[in-house]
Amino acid sequence: IMTIINHYSIIHFIIWFVYGKYFNKNWPLFLFLSVGWEIIELFIPFNFAIETITNKIMDIIINIAGYSVGLIFKK
């Protein structure tokens, strides 16, 4: 059974939080990497990449949240 948010969602948030906090603000690069990875997951043959479209959309939303919170906590 797939859920909209799973244990990978926490990892997504942490990765993009760190990216937002410690790297220069660059929304275009962030969006390219975030959405690009979700597209790549559609084609790679690994179990962790098998998700519903709803979960992929939620992953992008969580990525945006992590990146945004990281920017808020920027030094």
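Glu-51 and Lys-56 form a salt bridge in this predicted model, with the closest N and O atoms 3.2 Å apart. Both Glu-51 and Lys-56 are buried. I would like to begin with this pair and then follow its partners.

Side chains of opposite charge can pair when their charged atoms come close. Under the rule applied here, the count of salt bridges comes to 3. Besides the pair just described, the side chain of Lys-56 meets that of Glu-38 in a salt bridge, at 3.8 Å from N to O. Glu-38 belongs to helix α2 and Lys-56 to helix α3, so this pair ties together parts that are 18 residues apart in sequence. Lys-56 also meets Glu-41 through their side chains, here at 2.9 Å from N to O. Glu-41 lies in helix α2 and Lys-56 in helix α3, so this pair joins parts that are 15 residues apart in sequence. Taken together, Glu-38, Glu-41, Glu-51 and Lys-56 are linked in a network of salt bridges.

How buried are the members of this network? Lys-56 has a relative accessible area of 6% and is therefore buried, the cut-off being under 20%. Glu-38 is buried at 4% relative accessibility, and Glu-41 is buried at 5%.

Let me stay with Glu-38 for a moment. Its helix, α2, covers residues 27–41. What does Glu-38 touch, apart from its neighbours within four places in sequence? Its contacts are His-12, Glu-51, Lys-56, Asp-59, Ile-60 and Asn-63.

The last of those contacts, Asn-63, deserves its own remark. Asn-63 is placed in helix α3 and is buried, with a relative accessible area of 1%. Setting aside residues up to four places away in sequence, Asn-63 touches His-12, Trp-16, Phe-30, Ser-34 and Glu-38. His-12 is thus a contact of Asn-63 and also a contact of Glu-38.

Two of the residues that Asn-63 touches, Trp-16 and Phe-30, lead to the next topic, the nonpolar core. Which residues make up the largest nonpolar core? There are 5 residues in all: Trp-16, Tyr-19, Phe-30, Tyr-67 and Leu-71. The elements that give two or more residues to this core are α1, residues 7–22, and α3, residues 53–72. Leu-71, for its part, touches Gly-20, Lys-21, Lys-25 and Trp-27, not counting residues up to four places away in sequence.

I turn now to the aromatic residues. A search of the whole structure finds 9 aromatic pairs, and I shall describe two of them. The rings of Phe-17 and Phe-73 have centres 6.1 Å apart and planes at 55 degrees, so the pair counts as tilted. Phe-17 sits in helix α1 and Phe-73 in the segment after α3, so the pair ties together parts that are 56 residues apart in sequence. Phe-17 is partly exposed, its relative accessible area being 22%.

The second pair is Tyr-19 with Tyr-67, whose ring centres are 5.6 Å apart and whose planes stand at 35 degrees, so this pair is also tilted. Tyr-19 is in helix α1 and Tyr-67 in helix α3, so the pair links parts that are 48 residues apart in sequence. Both Tyr-19 and Tyr-67 are buried.

Beyond single pairs, one aromatic cluster is formed by Trp-16, Tyr-19, Phe-23, Trp-27, Phe-30 and Tyr-67. Trp-27, which belongs to this cluster, is one of the residues that Leu-71 touches.

Finally, the surface. Which residues form a nonpolar patch there? They are Leu-31, Val-35, Ile-39, Leu-42, Phe-43, Ile-53, Ile-57, Ile-61 and Ile-64, with about 840 Å² of accessible area together. The elements that give two or more residues to the nonpolar patch are α2 and α3. Which element gives the most? That is α3, with 4 residues. Leu-42, one of the patch residues, lies in the loop between α2 and α3.

To close, helices α2 and α3 return in two settings. They are joined by the salt bridge of Glu-38 with Lys-56 and by that of Glu-41 with Lys-56, and each gives two or more residues to the nonpolar patch on the surface. Helices α1 and α3, in turn, each give two or more residues to the largest nonpolar core, and the Tyr-19 and Tyr-67 pair ties them together.

Terms used: Residues are numbered from 1 along each chain as its sequence is written. This is a predicted model: local features need pLDDT of at least 70, side-chain atom pairs count only at pLDDT 80 or more; totals for chains, interfaces and linings use all residues. Side-chain values use heavy atoms; hydrogens and water are left out. A nonpolar core is a set of buried Ala, Val, Leu, Ile, Met, Phe, Trp, Tyr and Cys residues joined through side-chain atoms within 4.5 Å. Buried means under 20% relative accessible area, exposed over 50%, partly exposed in between (1.4 Å probe, protein chains only). Contact means heavy atoms within 4.5 Å. Patches are made of residues with over 30% relative accessible area and no salt bridge: like charges are joined within 9 Å, nonpolar side chains (Val, Leu, Ile, Met, Phe, Trp, Tyr) within 5 Å. Accessible areas come from the Shrake-Rupley method with a 1.4 Å probe; for residues, only the protein chains shown count as cover. A salt bridge is a side-chain nitrogen of Lys or Arg within 4 Å of a carboxyl oxygen of Asp or Glu. Rings of Phe, Tyr and Trp (its six-membered ring) pair if their centres lie within 6.5 Å; planes under 30 degrees apart count as stacked, over 60 as edge-to-face and the rest as tilted.
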